[in-house]
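Visitor: I have a structure to go through and have not seen it before. Can we take it piece by piece?

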Amino acid sequence: MGENLTALTAWAQNHSETTAFYILAFLAIPFAYGVLLDRRIIRSGFLLIGVFGAISGVFLLLQAQFLAMAQIMIYAVGITLVVVIALMLTNPRLEHDVNPAIPVAKTSGIVVSILLFVTIYLSLRSEIWPLSPSPVKADNVLQIGTGLLTYYSLPFEFASVLLLVALIGAIMLARAEHRPPSQMEERLDAQEDLSSERNDNVVQV
Amino acid sequence: MWSRSNTISMIFVALATTLVCLYARGWGYTIVQHIGISTDFTDITISAAIILSGGLAMLCGADLPVVLIIGTLGVFVSLTLAQDALVRYLSLAAVLFSIGVYGMVVSRNAVRVLMSIELMLNAVNINLVAFARYVDPNLIRGQLFAIFILTVAAAEAAVGLAIVLAVYRNMSTVDMERFNLLKW
């Protein structure tokens, strides 16, 4: 047992990138399952931060420092925040006792995703990749910036237009409709009745 | 609170760990040769054994999350341990993408479906960055493409969650099985 352990540590010191990769993979895969299978959906919203953090570690291993930071700033902070706020607005208490999975889709979903993985993996494995031995240059952030403002400036502009349109569209969709004040009050009263009924149900269950 | 399903789950965990350790120590080859399969397919044979025993454990009533997580990790390790670094990263991306597809098909809550889509977009990003590192390290075009995917993902999250909020205002539910607004 002791010999095995020393052999394992020696191997890990010689293959530090492989070891770090497997540690990150062993973090990312269980967190991803936790996002899907946790019964309390608010908790799965926070587990999403773990997945994104592990993936940003993978980006660091692949020498993409700028993308690792952008991943943490956009996904782990921005998108997760939006998701959690949406969960709070759509009353997560309703999902507590319900089975999170649709029963019919449960087995067929597993079969479909296993088949998908097998197909992708076999095609990856049988391909001969044109690998390049040189590492990524140290000034890769400079390269990205130059690329975005010269050769890829048109897609860059389209991306900013897309973000603007998405921003305006999200505000239009999420905004409450304009109604006369009297109707608005009735609507609020009806909603309060509904929510109090719902709370009663929860207490009874 | 020790029940039958816990016992079966533990048996499955022990079996999968043993298979992966045997493979990592190099004893898998002799076993596979003994059965009569070519040694080129040792990893595939081991992972097929893990998947089959996982299905059996599910039929006997094991815990679904334990079987899924341990089975995926075992299959992932045994399939990637002997491969190049590029194939390892691409396989991690494939695993995350398949998990995202599973969650998108199965989930009941619309917000959880959106989370699964974010997971799939992230898996695609890993692919692009891995290609930028190992195939095209001089121009790193993959990282540029990953930045555009990041933009599209942010726009998708904002619009998707706004649609979920609008549906919740009209229907008072976010259950995917009760959205029938577009049914004729």
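Visitor: Is B:Ile140 buried or exposed?
Guide: B:Ile140 is buried, with a relative accessible area of 1%. Buried means under 20% relative accessible area, exposed means over 50%, and partly exposed is in between, using a 1.4 Å probe and protein chains only.

Visitor: Where is the place of B:Ile140?
Guide: B:Ile140 sits in the loop between helix 6 and helix 7 of chain B. Helices are DSSP runs of H or I with at least four residues, strands are runs of E with at least two, and both are numbered from the N terminus. B:Ile140 also has a positive phi of about 35°, although it is not a glycine.

Visitor: Why mention the sign of phi?
Guide: Most residues other than glycine have a negative phi, and most peptide bonds are trans. A:Gln63 is another non-glycine residue with a positive phi, about 60°. The loop between helix 3 (41-61) and helix 4 of chain A holds A:Gln63, and at 23% relative accessibility A:Gln63 counts as partly exposed.

Visitor: What am I looking at, an experiment or a prediction?
Guide: This is a predicted model, in which local features need pLDDT of at least 70 and side-chain atom pairs count only at pLDDT 80 or more, while totals for chains, interfaces and linings use all residues. Residues are numbered from 1 along each chain as its sequence is written, chains are lettered from A and ligands numbered from 1 in the order in which they are written, and side-chain values use heavy atoms, with hydrogens and water left out.

Visitor: Okay, chain A. How many helices and strands?
Guide: Chain A has eight helices and zero strands. Along the sequence the pattern reads α-α-α-α-α-α-α-α.

Visitor: And how much of chain A counts as buried?
Guide: Of its 205 residues, 30% count as buried. The accessible surface of chain A is about 12800 Å², and 69% of that belongs to carbon and sulfur atoms. Accessible areas come from the Shrake-Rupley method with a 1.4 Å probe, and for residues only the protein chains shown count as cover.

Visitor: What share of the contacts in chain A is between residues 24 or more positions apart?
Guide: Such pairs account for 55% of the contacts with a separation of 6 or more. Contact means heavy atoms within 4.5 Å.

Visitor: Give me one residue to click on in helix 4.
Guide: A:Ala70 lies in helix 4 (residues 65-89) of chain A and is buried, at a relative accessible area of 11%. Leaving out residues up to four places away in sequence, A:Ala70 touches A:Tyr75 and B:Leu150. The C-alpha atoms of A:Ala70 and A:Ser56 are 8.6 Å apart, with their positions 14 residues apart along the chain.

Visitor: On to the two chains together. How many residues does the contact take from each?
Guide: The contact takes 88 residues from chain B and 93 residues from chain A. Together they bury about 8400 Å², 75% of it on carbon and sulfur atoms. Buried area is the accessible area (1.4 Å probe) that two parts lose on being put together, summed over both. In chain B, the residues that lose the most area to chain A are B:Arg112, B:Met115 and B:Arg169, together 9% of what that side buries.

Visitor: How many residue pairs are in polar contact there?
Guide: The count between chain B and chain A is 16 residue pairs, both residues at pLDDT 80 or more. A polar contact is a pair of N or O atoms within 3.5 Å; within protein, one must be able to donate a hydrogen and the other to accept it, and residues adjacent in sequence count only if both atoms are side-chain atoms.

Visitor: Which helix of chain B gives the most to that side?
Guide: Helix 7 of chain B does, with 24 residues. By class, the side of chain B that touches chain A has 61 nonpolar, 15 polar and twelve charged residues. Ala, Val, Leu, Ile, Met, Phe, Trp, Tyr, Cys and Pro count as nonpolar, Asp, Glu, Lys and Arg as charged, and the others, Gly among them, as polar.

Visitor: What about salt bridges?
Guide: There are three over all chains, and the count between chain B and chain A is one. A salt bridge is a side-chain nitrogen of Lys or Arg within 4 Å of a carboxyl oxygen of Asp or Glu.

Visitor: Which side chains meet across the chains?
Guide: B:Asp43 and A:Arg125 do, at 2.6 Å, N to O. The pair runs from helix 3 of chain B to helix 5 (residues 103-126) of chain A. B:Asp43 is buried at 4%, whereas A:Arg125 is partly exposed at 24%.
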